[in-house]
Amino acid sequence: MIAALVFIQHEHAILLVKQAYGRRYWSLPGGVVEYGESVDQAAIREVKEETGLDVRLRRVVGIYTKPEERSLAITFEGEVVGGELAPQNEISECRYFSFDDLPAARQHFYQRVDDFRQPHAGVILRTQ
């Protein structure tokens, strides 16, 4: 499985979505790349489907492999260029959280946030 996820920052906060299924985790907006779709197209589509926002991708932040799950996640930094923020489809809530007040999430999420906040010049490659 390949997933595309997007960091959307506003001032000192990032946009997160709460899943309306399963364990109802908070996470970055994004999802699985569909057949015939590029990873950047998937990132833009998934943000729109989950949040109602239109985004432009700025850069790749990191590429994360999870061998036990046979998955690969690619995180981008994006900027809002249109749309209205409102939870869509499988999302029960979407809102901005301060970096100092992030909600409970899966452990790998926090490492990805730390990577996003680092002043790196290149893409981070990490096994989680």
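Ser 98 touches His 12 and Ala 13, leaving aside residues up to four places away in sequence; touching, or contact, means heavy atoms within 4.5 Å. Ser 98 sits in strand β7, which covers residues 91-98. Strands here are DSSP runs of E with at least two residues, helices are runs of H or I with at least four, and both are numbered from the N terminus. At 31% relative accessibility, Ser 98 counts as partly exposed. The cut-offs are simple: buried is under 20% relative accessible area, exposed is over 50%, and partly exposed is in between, with a 1.4 Å probe and protein chains only. Ser 98 also lies 8.8 Å from Glu 11, C-alpha to C-alpha, though the two are 87 residues apart in sequence.

A word on what is being looked at: this is a predicted model, where local features need pLDDT of at least 70 and side-chain atom pairs count only at pLDDT 80 or more, while totals for chains, interfaces and linings use all residues. Residues are numbered from 1 along each chain as its sequence is written, and side-chain values use heavy atoms, with hydrogens and water left out.

Now for the whole chain. It has two helices and eight strands, and read along the sequence they come in the pattern β-β-β-β-α-β-β-β-α-β. The radius of gyration is 13 Å, close to the 14 Å that the globule rule gives for 128 residues, so the chain is as compact as a globular protein of that length. That radius is taken over C-alpha atoms, and the rule is 2.2 Å times the number of residues to the power 0.38. Along the principal axes, the C-alpha atoms fill a box of roughly 35 × 35 × 30 Å. Of the 128 residues, 43% count as buried. Sequence distance is no bar to meeting up: among contacts between residues at least 6 apart in sequence, 65% join residues at least 24 apart.

The outside of the chain can be described too. About 7200 Å² is exposed, and carbon and sulfur atoms supply 48% of it; these areas come from the Shrake-Rupley method with a 1.4 Å probe, and for residues only the protein chains shown count as cover. There are 15 positive and 19 negative side chains, and the centres of the two sets lie 4 Å apart. In that count Lys and Arg are positive, Asp and Glu are negative, and His and the chain ends are not counted. Each charge is placed at NZ of Lys, CZ of Arg, CG of Asp or CD of Glu.

Helix α2 takes in residues 107-117, and its buried residues are His 108, Phe 109, Arg 112, Val 113, Asp 115 and Phe 116. They cover an arc of only 160° around the axis, which puts them on the same side of α2; the arc is that of the directions from the helix axis to the C-beta atoms. What do they pack against? The buried residues of α2 meet β1 (2-10), β2 (13-19), β5 (53-66), β6 (71-83) and β8 (124-127).

Strand β6 holds Thr 75, a buried residue with a relative accessible area of 0%. Not counting residues up to four places away in sequence, Thr 75 touches Leu 5, Phe 7, Leu 28, Arg 59, Val 60, Val 61, Gly 62, Tyr 64 and Arg 112. Val 81 is in β6 as well, but Val 81 is partly exposed, at 47%. With the same neighbours in sequence left out, Val 81 touches Asp 54, Val 55 and Arg 56. Gly 82, also in β6, touches Leu 53 and Asp 54 on that count. Over in strand β5 is Leu 57, whose contacts beyond four places in sequence include Val 6, Ile 44 and Phe 76.

Two loop residues have a backbone angle worth a look. Most residues other than glycine have a negative phi. Glu 11, in the loop between β1 and β2, has a positive phi near 55° and is exposed at 63% relative accessibility. Arg 24 is not a glycine either, yet its phi is positive at about 55°. Arg 24 belongs to the loop between β2 and β3 (26-27), and is partly exposed, with a relative accessible area of 45%.
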